[in-house]
Amino acid sequence: MILNREEASASLEWKCSQAFGERNPDEELQDVDIVSAIEFDKTGDYLAVGDRGGRVILFETVGGKNTPNQHISRSELEKQMDFTSTSHPEYRYKTEFQSHEPEFDYLKSLEIEEKINRVRWCAAPNGSMFILSTNDKTIKLWKVRDQKVKKIKEMDHFPFVSSENTLLAEKNFMNEHNPPSFAHGYHLEWTENMATKVIANVGNSVHARCQKVYPHAHDFNINSISNNSDCETFVSADDLRINLWNLEISDQCFNIVDMKPSNMDDLTEVITSAEFHPIYCNLLAYSSSRGFVRLVDMRQSALCDHSARILRDAAESHGSKSFFTEIIASISDIKFANDGQHLLSRDYMNLKLWDIRMDSTPVATFKIHEHLRPKLCDLYNNDSIFDKFECSVSGDGLHFATGSYSNLLRIFSHGVGSAGGITVEAGKNENRKPILQAAPRARRSSLSNLTRGLYRQAHENSSSGHHELSYNLSSKLLHLAWHPTTNLIACANGNSLFFHYA
């Protein structure tokens, strides 16, 4: 990947192309409808959206798949290439299915909510779609495919046949006109004289089936899953452990990272996200609450506790410290660029671009919430400081995006344009009423929340009184995904899904 001014466009103008799920101002937002995960497939033909109610909703492109057609002429292909260079894909609702239901862990006497934490697309052989989805404890593999539904409409009555014998006459008619080779079903290619008697319709139906369930492998809430480039394995990560799975084996996994100390009082950090390298199947990156990104090589040992490289910002480690330093340093999300050489990380204050060959300083740092630094105490009091914003990289690796409060989408290009990047308000109407999110339910069995309680207990006496913030903290743009081949971003606020293109 070459990052320079000539390849990256500084004059990208972003517009909202589509919006799904927008509510009326007087319509109440249900907690189960809030979007909690977004992911494009590798072609960009499909988009998967998970919500807090345990559902996975699929969208597909309106104009058909972007995969090349081998039977298309060269002239038609050139026309399509000219057209797609100036247009953007549009999406429509395809189907949805209930991926997870509320569970109850009898060993720990805890109710596990059905909220979808992550969705990931898998390799899709034979035209089927495979999707991994996870809630706090259980991962599932779903197979989604289109099915042709054959229906036979009721035939016209036969002349000179009484109503009592209509069914018998129809059966005799079918046996007379259908050749033996179609004994297992009706023949749909009717002759003209038969078409007056029998009409056949062929429709399409989408069927989702759970192929595998990977349960009971994590003591704490799963925060991320990532598919390997070998198309055979994936990892799941919670606060203290990362497990390696084979897609075909659901009752066994291998623990490759274990950060649990012998004495929990010695715990200093937790795992916040894990991501496989897009090219090399043996490389894995995972982030921590201390602001570190660790790169591990699974070929070195079965237990990858010793990192091959640690990415840390030396400038921040030597800077001034405060009570909030460790909290805002926690990395909420990491993403590899397609070239595998660059990695994007998001903490509460900044978006950072790393070259994995340079471990002491990021290539670029983009300020997201610097204007909120004087209000960290208020953000702490209302728990907003613990919000986990995701990040995303464009397919060419030249642009980066993340979300913020007031339903704002922040887009940056390395070495191009202003340091502040581009700020876009997600949604079709600029002056529409902000969407208010329902209060999140407490998630037990998470070290992130346990640590949050310790922070509050230690700081409640020294914190100042709550002051109303001018920023709309209730309208958070936490989840987003960048289209793999074009400048199109899907982002969510509340139960609404927005598409922005440049």
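**Reading the sheets and cores**

Author: Let's start with an open sheet of 4 strands, ordered 20-21-22-23 and paired antiparallel. Keep in mind that this is a predicted model.

Reader: Okay, what do strands of a sheet pair through?

Author: Backbone hydrogen bonds, and the pairing can be parallel or antiparallel. Take strand 21 (residues 342-347) and strand 22 (residues 350-355): they're antiparallel, with 5 bridges. Along that pair, Ser-345 sits opposite Lys-352 in strand 22.

Reader: Which are the edge strands of the sheet 20-21-22-23?

Author: Strand 20 (331-336) and strand 23 (364-367), each pairing on one side only. Ignoring direction, neighbouring strands here are turned by 15 degrees against each other on average.

Reader: There's also the open sheet 24-25-26-27. Why is one side of strand 24 and of strand 27 left without a neighbour in the sheet?

Author: Strand 24 (391-393) and strand 27 (422-425) are at the edges with a single partner strand each, so one side of each has no neighbour in the sheet. This one also has 4 strands and antiparallel pairing, and its twist averages 20 degrees from one strand to the next. Inside it, 5 bridges link strand 25 (residues 399-403) with strand 26 (residues 408-413), and Ala-401 faces Ile-411 in strand 26.

Reader: And the nonpolar cores: how many residues has the largest?

Author: It has 18, and Val-235, Ile-242 and Tyr-286 are among those with the most contacts inside it. Strands 13, 14, 15, 16 and 17 each supply at least two of its residues, with strand 16 giving the most, 3 residues. Another core, of 16 residues, lies apart from it and includes Tyr-348 and Leu-372.

Conventions:
Residues are numbered from 1 along each chain as its sequence is written. This is a predicted model: local features need pLDDT of at least 70, side-chain atom pairs count only at pLDDT 80 or more; totals for chains, interfaces and linings use all residues. Side-chain values use heavy atoms; hydrogens and water are left out. A nonpolar core is a set of buried Ala, Val, Leu, Ile, Met, Phe, Trp, Tyr and Cys residues joined through side-chain atoms within 4.5 Å. Buried means under 20% relative accessible area, exposed over 50%, partly exposed in between (1.4 Å probe, protein chains only). Two strands pair if DSSP finds at least two bridges between them. Axes are lines fitted to C-alpha atoms, for helices over the stretch in contact, and angles run from 0 to 180 degrees between N-to-C directions.
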